[in-house]
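Good morning, and thank you for making time for this. Please look at the chains on the screen while I walk you through a few parts of them.

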Amino acid sequence: MQTFKLIVNDEQKEVSADPRTPLLWVLREDLKMTGTKYGCGIASCGACTVHLGGVPTRSCVVPISLVGNRPIMTIEAISNDPVGRVVQDAWVSEDVVQCGYCQSGQIMSAVALLKAMPKPSDNDIEDSMGGNLCRCATYVRIRQAIKTAARQLG
Amino acid sequence: MKRPGLTVFPAVLLLAVASVKTASLEQGSTPARAAPRSTSLGLAAWQEIYSVMSHPRCVNCHTASDYPQQGDERHRHLFNVVRGPEGKGVPALQCATCHQSANADSTGVPGAPGWHLAPLSINWQDANENILPSSAVCKTVSDPRKNGGMDGAALVRHHQTELVKWAWKPGFRNDGTARSVPPINYEQFMAATRTWVQAGMPCPE
Amino acid sequence: MTTAMISGRSSIIRRTFLRVSSAAAGGLFVSLYLDWPASAQQTAKPQSYPPDAFVHVRPDGKIVIQVNRLEFGQGVHTALPMLLADEMDADWSQVIADLAPASDVYRDPLMGIQMVGGSGSIAHSFEQYRQLGARTRAMLVAGAAAQWKVHPGQCHTEASVVHGPNRQSAKYAELASAAAGLPIPENVPLKKESDLRLTGKKIRRLDSRSKCDGSQKYGLDLELPGMKVALVAHPPVFGAKVKSFDASSARAIPGVDDVFEIPLVRGTGIVVVANRFWAAKQARDQLHADWDAASVERADSAQLFEKYRELARTPGIVAVNRGDPNAINAIPAADRIVAEYEFPFLAHTPMEPLNTTVRFDGARAEVWAGSQFQTVDQMAVAETLGLKPEKVTFHTEMAGGGFGRRATPDSHVQREAALIAKRLRGIPVKLIWTREDDVQGGYYRPMHVHRLEVGVGADGKPAAWRHVIVGQSILAGTPFASMLKNGLDESTVEGAADTHYTVPDFHVSAHHPVINVPVLWWRSVGHSHNAFVMETLIDELATRANADPIAYRESLLAPDANKLKTCLALLEEKIASWRPRVPRGHAVGIACHECFGTGVACAVEVSIENRRPRIHRATIAVDPGFAVNPLTIESQMQGGVSFGITQLMPKGAITLKDGRVEQRNWDGYTPPYIKDAPVTMDVHIVPSGEKPSGCGEPPVPVISPAIVNALSQLTGKRYRRLPLTEI
């Protein structure tokens, strides 16, 4: 067990954990932030996506020992981000969610996409969202919502 | 053509050596004032280098496609990962989305600083994912127009980056098994690199 | 809407009781108890009723509506409250939907258990929830009328306010306590369609925002003081037992509390209890368990397909026998199509891994689970712990998908959790199945082999049809086994035996091998494979007859196949603008199917890219009877269609080798991602006055045959073996 100082959603946190523990489980169990989800544990689904140092990151495969002082942003705070807020609003106005379990990850990925590419093409959307799994298969509405958000931001 | 940084043989002589075809060597002729020992040493060194470059730990990121490969069986990287314009993935699915600056053995994801794909110009595979033969790979690696502007010294430095060194400490999969490493050790690889560069980067036919 | 719907008369509800009481904190509780037909599975007399309610009108103006089914994506969390709130004239902005705990009062009126499945949520609770809303409104109006000394008929209601004839008004919140003391009205008419404000409209989901900002808690997110996490090492071969294991390395991991063996529904397993998931996982990886599989069958997919193919050549239990079963023999070989189809095991893999939390103090138990079968699971936990069911409080958690996986007749996950909680006496424990546990843990859509001989008449239509289906029975060996008829499990033949296509000599039979692989209903159940067979074969016949695939189907449909006819007609209308204009290298595939009372027709535009089907667009026409929430229906169609593509994915198969499941996670069993789904999809709902039917499962069966029918045009091949590994 080791102590780790983390910056999560602009707040300083300190946790004591086995260094090999994935960031996902530190967030969920030590910090009680359950918005970031466990779907597979092998980075195949994206439900665990957070922003780490501004990079969309699959927290289920990043051991806490490799996080360092890179700031972490999770779904719980993404509405504080102007792009994040627009994306969430688009998700609601387009009625994207069904079971919703994958959507934290979908939104975190979509925000990363729109921050880098405010006017993504269909191919850009497909490429960037290509690794986020949705078993309810809300993909058609995810595409629509990203386009809606892009329009709002543009 | 000047090759700055080389001190062992005059540039002109190196040029002559580099362009000697193996056929004429086999015929037994010895170019005037050529150093057949350095050419053959260089070619032998190249074969060692090639044995590393064609190993999955290296060739999986030197693809000719818009995706990386994974595993010793070199299957297409799972989960719809793509190359992206700079070989670093796409905005929401970057290499860095999963790959950190060190191996994550507890979760089975390899990592090294600057994890990304080699540019398409320095691919070592054909369109069907077959590894290109030694001569083709050599020509690409030794050509600054293809290899990202690297001369011999730069190539030596490239082989000293953490990303390349990673091939010998590639970490563990999440089932606990170790990834395989290239057939020669890192020190041998560096020695071969230096020998080959010093020999003028000769390529087999 | 039909008269039956307007008046609220229904053959399902015999007697209804309304019990009304005041809540301690003020407000009005309304409980509606339903008596059900004697044919229902459970005892006719309801057990005990906790003081829960369907509707709670709170003094602060909020209206809490209990949803009697699990919400796992299908939208019932919004749609059922909509029905109630509409009849009640409640202010929709003040409505809070809650997932009701396990209780007899929340049983499905038709099925007799509290459940989600068979696409029955709206179909079975449509009238129930409307009645609840109408009666609640009536009581509030009666309360206001009494206060104002006017006749209730002189009052009207709007947005949680009662208005009197002389500009009097009172909020529901103000009236609630008084209304609780009034007699319950007997016959309350339901609204005319023209008075509906929510029902039939595109209403956005109530749970959207919380699912977009991380605040929605699912079962896996539950946090209780002192809670432990448990993982179970399951046998690698179904039914095997623990022979030995090494607990010492596991126990040495910091945070691990206990390691012990438990009996499972099949075989035995090893539990690791820890204070953190990662510690439990590390510990489980170090158990080095040895298993005794000597007395169990080691199922092997290759061997099973071999065996199934042999069986398919022999007649099975007859499902339908119309006309002359030997007519096929008289048809010359040149006019006969012989087709063999193969379908693999399929896993559900809902996004949220399976989990259940239990606390047991010796006398009472509390359970938290996103269960599709709450009362079944509640009884199983009670049985496991030696308790009466009323001593088990069962909370329904929001679930991340299900597709049938969370409706298990044997309640195996809940039983595991209960046994662990028993050992931990008093300490709550969250049992988590990892994704690997889920992929390898069984309860799959069974594998099937079909063998058909179809004799084609001179008119190009099928004249004789002999169809043998081989597949495990899902119901056999479960408490639902009494639904088998002469050994036939209808869920194996549904979609084929009950086809709406007219074939004069039509014979369908089935074999149900008993295999050591647990199986379960996978979204659309038997229709998932039977529709593929029917719609690809019909398409082949249409091609053979040089007929348009839509016209051919229409010509074959039975006179009473109304929903399929309306769907095909609407589909044809909606694709008219793009169908003739698809570019070279693109083809349009058609399929239609009816299941769970709903007809769906589908057209897809497909091309081949990188040796995979690329679905550029899909147009869906659906006839679900009256559309309660067209927005939900559109989502269900879009989602269900894309879900159905799981069957075509190159890694869309669970296979066993020598008793072990070969896939471990989504790397080996890979469902559709965004690139695999249609780029765009337009959904068109047939306007209907019929009763609402289901939408959860009907979209799933049509997509695979539609895509493959398009591929056949592009490649000239027929595809009869899934998954689609090669085109």
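Which residue of E8(C) does Val161(C) stand opposite? The answer is Lys171(C). Before going further, I should say that this is a predicted model, in which local features need pLDDT of at least 70 and side-chain atom pairs count only at pLDDT 80 or more, while totals for chains, interfaces and linings use all residues. Residues are numbered from 1 along each chain as its sequence is written, and chains are lettered from A and ligands numbered from 1 in the order in which they are written.

Let us stay with that pair of strands. Strand E7 (residues 161-163) of chain C pairs with E8(C) in the antiparallel sense over three bridges, where pairing requires that DSSP finds at least two bridges between two strands, and where helices (H or I, at least four residues) and strands (E, at least two) are DSSP runs numbered from the N terminus. Both belong to an open sheet of three strands in chain C, with the order E6-E7-E8 and antiparallel pairing. Strand E6 (156-158) and strand E8 (169-171) of chain C stand at its edges, each with a single partner strand, so one side of each has no neighbour in the sheet.

Two helices belong in this picture. Helix H3 (residues 121-148) of chain C lies across E6, E7 and E8 of chain C and runs at about 50° to E7(C); such angles, from 0 to 180 degrees, are taken between N-to-C directions of lines fitted to C-alpha atoms, for helices over the stretch in contact, and contact means that the C-beta atoms of two residues, placed from the backbone, lie within 7 Å. H4(C) packs on the sheet as well, touching E7 and E8 of chain C, and its direction makes about 80° with that of E8(C).

Elsewhere in chain C, four strands form an open sheet in the order E23-E24-E25-E28, with mixed pairing. Its edge strands are strand E23 (586-595) and strand E28 (680-685) of chain C, each of which pairs on one side only. Strand E25 (residues 612-623) of chain C and E28(C) pair in the parallel sense over six bridges, and Ala621(C) stands opposite His684(C) in E28(C).

Finally, how many residues of chain A are in contact with chain C? There are 48, and they meet 51 residues of chain C. The largest share of the side of chain A that touches chain C, four residues, comes from H5(A).
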